Amino acid sequence: MKILVCISKTPDTTAKIAFTDNNTKFDANGVQWIINPYDEWYALVRAIELKEADASTVIHLITVGAADTEPIIRKALAGGDEAIRVNLDSQDSFQVASQIAAIAKEGGYDLVLAGKETIDYNGASIGGMVAELLDQPFISLATKLDIAGTTATVNREIEGGEETCEASLPLVISCQKGMSEARIPNMRGIMAARTKPLKVVDPVAADALTSVAGFGLPPAKAGVKLVAPDNVDELVRLLHEEAKAF
Amino acid sequence: MSVLIYIDTADGHVKKSSLEAISYGAAVAAQLGTTAEGFVAGPVSEDLAALGQYGVTAIHHADDAALAHFDAKMFAKLVADAAGSTGATVVVLSNNVNGKALSPRLSARLKAGLIARAVARPDTSNGFVVRRNGCSGKAYADIKVNSDIKIIALNPNAYAVKTGGAAAAVTKMAVSPGAPSVKVTNTSKASGDVVLTEAEIVVSAGRGMKGPENWGIVEDLAKALHAATACSRPVADAHWRPHNEHVGQTGFAIAPNLYIAIGISGAIQHLAGVNRSKVIVVINKDPEAPFFKAADYGIVGDAFEVVPQMTAAIKKLKGTA
Ligand SMILES: Cc1cc2nc3c(=O)[nH]c(=O)nc-3n(C[C@H](O)[C@H](O)[C@H](O)COP(=O)(O)OP(=O)(O)OC[C@H]3O[C@@H](n4cnc5c(N)ncnc54)[C@H](O)[C@@H]3O)c2cc1C
Ligand SMILES: Nc1ncnc2c1ncn2[C@@H]1O[C@H](COP(=O)(O)O)[C@@H](O)[C@H]1O
C-alpha cells in the first residue's frame with residue numbers, strides 16, 4: 001500500500017498573533033514553527049502504525065511551501081520513507097490542493113491522509129479539494145481508520161456522535177483525535193530522517209481562487225464582571241437581563 | 001443569478017445550523033438584488049415549504065432514498081448541478097461537519113473560491129470580500145473571492161436565524177445518484193438530548209470537580225438551562241467524561257451563546273476551542289485562574305457551593321422550581 005501524508009507547518013499554539021504590511025501578512029517574527037498537530041499526531045502516526053502492521057507499506061510525505069518549510073518536512077520524515085516539497089509559496093487552499101492532487105495522481109497512492117485542519121488557518125479544506133480533483137471518495141474528520149485489502153473502514157465525526165463507514169481505496173481522509181496512539185518520534189528516526197530522500201519539485205499551474213484582503217484581531221473583551229460568591233442570584237439576573245444569554 | 005443554499009439534514013430533519021445558513025443566504029440574496037433558493041437531498045420528514053419563513057423562495061428537493069446518508073462525493077455533484085440549473089453565483093452552506101466535507105469539493109468542482117468559517121455578510125464595495133475567522137478564533141481574515149461563483153461556508157452560531165418569509169415553492173428534482181462512494185454501516189449518537197456542537201448553551205467542567213462522581217451538579221445546571229455538557233481534556237483523558245464532550249484545540253471547537261466553565265483553569269489550548277462563545281462565565285476558586293481574563297462574568301468561589309445555587313436561581317427565574 002502507498003500512502004501520501006500531507007504535512008503543513010503552523011505557528012506554535014502559544015505564538016503571539018500579529019500582522020505586518022498594513023495587516024495583509026502574518027508577522028512571522030520570533031514565531032516558532034511546528035508540524036501541524038493534526039498532520040503529525042493523527043495522519044502521520046496512523047500511517048506509521050499501518051506500516052508497522054504491514055511492512056510493505058510505503059509512506060511518502062508532501063508539503064507545499066517555500067524553502068523555509070524544509071526543517072518541518074525533514075522532521076516529519078522521521079516517520080516516512082520519502083518526502084516531496086512542491087516549491088510554491090501558495091496564495092490559497094485551491095492552489096495547494098492542486099499541487100497535492102497532481103503529485104497524488106502521478107504517484108498512484110492508495111490513500112491520501114491530511115489533517116483535520118491547520119491550526120492557524122483552520123480551513124479544513126485541502127483534503128476535500130484534493131479528493132474532488134482526484135475524483136475519489138473523501139471521509140472527513142475521521143477518528144479511526146482500518147484497512148483490510150482494498151477496503152477502508154473509517155469512523156467519522158457527525159453532530160453529536162460518530163458514524164462508521166466503508167469505502168474502497170483509493171480515497172482521501174482527513175484525520176483527527178482518536179486515530180492513533182500518542183507517540184514521540186525516537187531519536188534514531190530523527191537521525192535517519194537526515195539522509196532520507198527529500199525531492200523538491202516545481203509547481204503545476206493553478207490559479208488562486210481567493211486572496212487575503214486583510215487580517216485583524218477581534219476586539220478585546222471588556223473585562224470580567226465579578227459577582228460575589230454569596231450573590232449567585234445576581235449573576236443569574238445579569239446573565240438573563242444584561243447579557244440576554246438565556 | 002441567484003443564491004443557492006445547501007440545506008443539511010440528519011435523520012430527515014433540517015439542522016439548526018442550516019436554518020442559519022438559509023437566513024444568511026436570504027440576506028446575501030437581498031443584498032445582491034436576487035432570490036435565495038434551497039437544495040435538499042434525501043428523504044425529509046418535515047414540511048419543506050415552511051422553510052420559506054427563513055427567506056428562501058424555492059426549494060429543490062432531490063427526494064431519493066439513495067441519498068439518506070451524506071456522501072461528500074455524491075452530494076458535491078448534486079449541489080454543483082443544482083447550482084448550474086439555478087444559475088447560482090453564490091452557494092451558501094453551513095460550515096458544520098458535512099459542510100466541511102462538501103464545501104471544498106464544491107469549490108474544486110466549480111473552480112469557485114471558498115470562504116470557510118465565514119462570520120459576516122459579504123462586503124461588495126470593492127469586489128466580493130467575506131470575513132472569516134482563523135487561528136482558533138484569535139484572529140480574522142477578510143478574503144476576497146476572485147472567481148465568478150463564490151462559495152460561503154458559514155460558521156455555526158455566527159448568524160442569527162431570522163423568520164418572517166412566505167412559504168417556499170417546493171419542487172422535486174429527479175436525480176440518478178448511482179451508488180454512494182462511502183457506505184455508512186453504523187451510526188452512534190451520544191446520550192443526552194442537546195448536541196454539543198449545535199448547542200446554544202454549554203455547561204463545561206474541569207479537573208476542579210475532583211472526580212466523575214461529582215458531575216451531578218453540572219448536569220443539573222445543564223438541564224435547568226437546556227444546555228449541552230462539555231469538559232476539559234484531562235477530564236476526558238481520565239475517563240471521567242466521554243471523549244465526545246472534550247472541547248479545546250484537540251477536541252471540539254464550539255461557539256455557543258453562553259459558555260459556563262466550572263473548575264477549569266483556562267489553558268490556552270482549552271480557550272482555543274471555546275473563545276468564540278458570545279458570553280463566557282467562569283466559576284473558579286482561584287482568582288488568578290487565567291480563564292477570568294477571557295470571561296465576561298465570573299465568580300471566585302467553590303463550585304460545589306456556587307453551582308447548585310445557580311441551578312436553583314435559574315429554576316426560580318424560569319418558574320420550574
Ligand atoms: C498540545 C496540547 C493540546 C491540548 N488540548 C487541550 C484541549 O483541547 N482541551 C483542553 O481542555 N485542554 C487541552 N490541553 C491541556 C491544557 O493545557 C490544560 O492542561 C487543561 O485544559 C487543564 O484542564 P483543567 O482546567 O480541567 O484542569 P486544571 O488545570 O487542573 O484546572 C483545574 C481548575 O479548577 C479550579 N478548582 C479546583 N477546585 C475547585 C473548586 N472546588 N471550585 C472551583 N474551582 C476549583 C482550580 O483553581 C483550577 O483552575 C492541551 C495541552 C496540550 C499540551
Ligand atoms: N501547504 C501545505 N502542504 C501540504 N499539506 C497541506 C498544506 N496546507 C494544508 N495541508 C494539509 O491539509 C490539511 C487541512 O488544511 P487546511 O485546509 O488549511 O485547514 C492540513 O492538516 C494538512 O494535512
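The following paragraphs describe the surroundings of ligand 1 and the setting of Lys16(A) in a predicted model.

Ligand 1 is surrounded by residues from chains A and B, so that its site is shared between chains. The shell around the ligand holds 27 residues, of which Arg207(B), Ser232(B), Ser265(B), His270(B) and Asn284(B) come nearest. When these shell residues are divided by character, 14 are polar, 7 are nonpolar and 6 are charged.

Polar backbone atoms of chain B lie opposite oxygen atoms of the ligand at several positions, including Ser265(B), where the separation is 2.7 Å, Gln249(B), where an oxygen atom of ligand 1 is found at 3.0 Å, and Gly263(B), for which the corresponding distance is 3.1 Å. On its own, ligand 1 has 990 Å² of accessible area, and the protein covers 79% of this. The elements that contribute two or more residues to the shell around ligand 1 are helix 5 (233-237), helix 6 (268-274) and helix 7 (303-318), which belong to chain B.

In chain A, Lys16(A) is placed in the loop that runs between strand 2 (9-11) and strand 3 (19-20). The relative accessibility of Lys16(A) is 67%, and because the threshold for an exposed residue is over 50%, Lys16(A) is classed as exposed. Along the chain, Lys16(A) and Asn29(A) are 13 residues apart, while their C-alpha atoms are separated by 9.5 Å.

Definitions and conventions: Residues numbered from 1 in each chain as written. Chains lettered and ligands numbered in written order. Predicted model: local features only at pLDDT ≥ 70, side-chain atom pairs only at ≥ 80, totals over all residues. Heavy atoms only, no water. Near = heavy atom within 4 Å. Polar contact = N/O pair within 3.5 Å; in protein donor to acceptor, adjacent residues only side chain to side chain. Areas by Shrake-Rupley, 256 points an atom, 1.4 Å probe, with all protein chains shown as cover. Helix = DSSP H or I, 4+ residues; strand = E, 2+ residues; numbered from the N terminus. Nonpolar A, V, L, I, M, F, W, Y, C, P; charged D, E, K, R; others polar. Buried < 20%, exposed > 50% of the residue type's maximum accessible area, 1.4 Å probe, protein only.
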